[in-house]
Amino acid sequence: HSQVVVANLLGLAGGVVVINLLPPTALLGPFAIAALLHIFFGWRAVRSVQVSTLSRWRLDFILHAFVETGRVPTPAEAARREPVLFPGASWSRGVSWLVQVPVKHGNVDSLL
């Protein structure tokens, strides 16, 4: 959390410097670049989170991967495939599950 606070303060200080250096008519370009970078890095931060509980989407994904490959994907593999923009999207058009249980080390035994 403290890293976020420091990053926000540095961004604020940088913004103050840019506003004072550029004329008001030239601020749209730097603002657009900063906004796009903010969205991109926020998206990357969300993708890097490896959650250890099963949501409906994760359970559906893990069950389908297990049926197809015979192995349970790791939390990191599931995090790379999980939708960020449309989290309600289902991995398959089949049955959805309504459970949330902790997963230990991506092991199928933890589901039993």
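**Notebook: surface patch and largest pocket**

I looked first at the surface of this predicted model, where Ile33, Leu37, Phe40, Phe41 and Trp43 form a nonpolar patch with about 510 Å² of accessible area together. Patch members need over 30% relative accessible area and no salt bridge, with nonpolar side chains joined within 5 Å; a salt bridge is a side-chain nitrogen of Lys or Arg within 4 Å of a carboxyl oxygen of Asp or Glu. Areas are from the Shrake-Rupley method with a 1.4 Å probe.

I numbered residues from 1 along each chain as its sequence is written. Local features need pLDDT of at least 70 and side-chain atom pairs pLDDT 80 or more, while totals for chains, interfaces and linings use all residues, and side-chain values use heavy atoms, without hydrogens and water.

I then checked Leu37, which is found in helix 2 and is partly exposed at 43% relative accessible area (buried is under 20%, exposed over 50%, partly exposed in between). Buried residues make up 15% of the 112 residues in the protein chain.

I noted 4 helices and 0 strands (DSSP runs of H or I, at least four residues, and of E, at least two).

I looked up the largest pocket, with a volume of about 560 Å³ (on a 1 Å grid, an open set of points where a 1.4 Å probe fits, with protein on both sides within 12 Å along at least five of seven lines; lining residues have an atom within 4 Å of a point). Of its 17 lining residues, Ala7, Gly11, Ala34, Ala35 and His38 are the closest to the centre. Helix 1 gives the largest share of the lining, 9 residues.

Definitions and conventions: Grid points are joined across faces, edges and corners, and a volume is the space filled by probe spheres set on the points. Patches are made of residues with over 30% relative accessible area and no salt bridge: like charges are joined within 9 Å, nonpolar side chains (Val, Leu, Ile, Met, Phe, Trp, Tyr) within 5 Å. Buried means under 20% relative accessible area, exposed over 50%, partly exposed in between (1.4 Å probe, protein chains only).
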